[in-house]
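The exercises below are to be worked with the sequence and the coordinates side by side. Each task is followed by a solution that goes step by step.

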Amino acid sequence: MWRLSDTMPWRYYTEYFLLLFSLVYFFVGCNTSAWLALSAIHASGISSIKTSDCDNLPGLINKQIQICKRNAEVMTSVSGGAENAIHECQFQFANRRWNCSTVDEQSNAVFGNVLENGTREAAFVHAIASAAVAHSVTRACSSGDLLKCGCDRTVTGTSEEGFTWSGCSDNVAYGVLFSQSFVDSREKKNKMKYDRYLMNIHNNDAGRRLIENNMRTECKCHGVSGSCEMKTCWRAMPTFRSVGEKLKEKFDGATEVVEVKSSGKRKYLLPADENFKPFTSTDLIYLVPSPDFCNPDRATGSLGTKGRECNKTSKAMDGCDLMCCGRGFDTYQETITERCSCKFHWCCYVECKQCKKTIEIHKCK
Ligand SMILES: *[C@@H]1O[C@H](CO)[C@@H](O)[C@H](O)[C@H]1NC(C)=O
Ligand SMILES: *[C@@H]1O[C@H](CO)[C@@H](O)[C@H](O)[C@H]1NC(C)=O
Ligand SMILES: *[C@@H]1O[C@H](CO)[C@@H](O)[C@H](O)[C@H]1NC(C)=O
């Protein structure tokens, strides 16, 4: 771990990094998720961002630079949030044709053209990214890492169930507000692309609401040997994994929408199919169907599925039929080493042998 400090030679190292990031930004700058390039800062181990760094951070527009300057201490969490968002997206999409791979891992040009149009994929990335910032900033508040926020002190007193509210309740309101001002400031009310603006804002909001709507109560028992004579509880955010899972469900059930104009000329979005029920505030919405991602295509940012591993027996998206788009697959033998014939010895350890096993893997043609 190293810090953005004034001591040499780190200072030069940092400047080199920031310059590199600025160049990356130059190429991806028109993209509303370009700030996700901040993930590279966290991933490279820089552990604190200073006000003077704000002008050189990758992917930020002017408004975000101003927010950075007023809240430099929060930016490390934003950067960590960007990294979490990308990892979680890759985890949730590992078995799909579009697997959330970044276009160029090294430069972190994030997702390239894939988010250019208002597809389901764009909806998911917007929602998970804005949720990740809210989650990461809230986590930092609770850990006492930030001067501007701490635990939620409004959760106090005795509950109806008879336990005492105490301990550190997650201050999700602060994290959500910060995410709203930082992430949404990216979205411009462009007259030509007003539908895209409405879509992005809705999906950003949906991601944050999923955290708020899934707050849990965590408790600790106090009393003689594990009895629960006294219970103290606090409000805790869902894990980020569970936010990712819920958003993946929302992705699968996302609603296609179209822009309509009311008589007062206000524009808003409605389900494209009149027979569909209205979408809720936590549903994901999209404007255009996704490409099939079968073949590499620079224009759409599709990498194609040649060489992807698939499951011969699965009928789902990870099955060879769907993953390989009907092109067929090659089968390879691979030898793996496993722990086997494990024996439990009294007391207390487990002894295993190493066994070699041949497995078949299938890869798309
Ligand atoms: C966006 O949509 C247009 C029109 O359908 C299409 O020509 C273009 O290739 C799409 N771009 C991406 C990145 O998918
Ligand atoms: C994601 O897909 C790309 C292109 O198909 C492939 O190169 C990459 O290895 C995949 N990543 C994972 C984690 O499977
Ligand atoms: C392949 O898919 C089948 C059916 O869905 C599943 O039971 C099996 O565990 C999968 N195999 C692997 C290696 O993921």
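**Exercise 1.** Against which helices do the buried residues of α6 pack?

*Solution.* This is a predicted model, in which local features need pLDDT of at least 70 and side-chain atom pairs count only at pLDDT 80 or more, while totals for chains, interfaces and linings use all residues. Residues are numbered from 1 along each chain as its sequence is written, chains are lettered from A and ligands numbered from 1 in the order in which they are written, and side-chain values use heavy atoms, with hydrogens and water left out.

Step one is to locate the helix: α6 covers residues 172-184, where helices (H or I, at least four residues) and strands (E, at least two) are DSSP runs numbered from the N terminus. Its span from first to last C-alpha is 17 Å over 13 residues, close to the 18 Å expected at 1.5 Å a residue, the expected span being 1.5 Å times one less than the number of residues.

Step two is to list the buried positions, where buried means under 20% relative accessible area, exposed over 50%, and partly exposed in between (1.4 Å probe, protein chains only). In α6 these are V172, G175, V176, F178, S179, F182, V183 and D184.

Step three is to find their partners, with contact meaning heavy atoms within 4.5 Å. The buried residues of α6 pack against α3 (62-70), α4 (72-92), α5 (120-142) and α7 (194-213).

**Exercise 2.** Determine how far α4 is enclosed, and place the helix within the overall fold.

*Solution.* Begin with the geometry: α4 has 21 residues and reaches 31 Å between its first and last C-alpha, close to the expected 30 Å. Then consider burial: 16 of the 21 residues of α4 are buried, so this helix is largely enclosed by the rest of the structure.

For the wider setting, the protein contains nine helices and 11 strands, and buried residues account for 45% of its 365 residues. Among contacts between residues at least 6 apart in sequence, 64% join residues at least 24 apart. The protein exposes about 19,800 Å², of which carbon and sulfur atoms supply 52%; accessible areas come from the Shrake-Rupley method with a 1.4 Å probe, and for residues, only the protein chains shown count as cover.

**Exercise 3.** Which residues does each cis peptide bond join, and where are the residues with positive phi, C100 and F293?

*Solution.* Take the peptide bonds at the outset. A cis bond joins W346 and C347, with omega about -25°, and another joins C347 and C348, with omega about 15°. C347 is in the loop between β10 (329-345) and β11 (349-364), and C348 also lies in the loop between β10 and β11.

Turn next to phi. C100, a residue other than glycine, has a positive phi near 65°; C100 sits in the loop between α4 and α5 and is buried, with a relative accessible area of 0%. For F293, likewise not a glycine, phi is near 60°; F293 belongs to the loop between β6 (285-286) and β7 (296-297) and is buried, at a relative accessible area of 6%.

**Exercise 4.** Describe the surroundings and polar contacts of ligand 1, ligand 2 and ligand 3.

*Solution.* A residue is near a molecule or strand if one of its heavy atoms lies within 4 Å of it. A polar contact is a pair of N or O atoms within 3.5 Å; within protein, one must be able to donate a hydrogen and the other to accept it, and residues adjacent in sequence count only if both atoms are side-chain atoms.

- Ligand 1 is surrounded by N113, E116, N117, A299 and T300. An oxygen atom of ligand 1 lies 2.3 Å from a polar side-chain atom of N117. Alone, ligand 1 exposes 360 Å², of which the protein buries 46%.
- Around ligand 2 are N99, L303, G304 and R308. Oxygen atoms of ligand 2 lie 2.3 Å from a side-chain N or O atom of N99, 2.9 Å from a polar backbone atom of G304 and 3.4 Å from a side-chain N or O atom of R308. The protein covers 47% of the 360 Å² of accessible area that ligand 2 has on its own.
- N311, T313 and S314 surround ligand 3. An oxygen atom of ligand 3 is 2.3 Å from a side-chain N or O atom of N311. Of the 360 Å² that ligand 3 exposes alone, the protein buries 25%.
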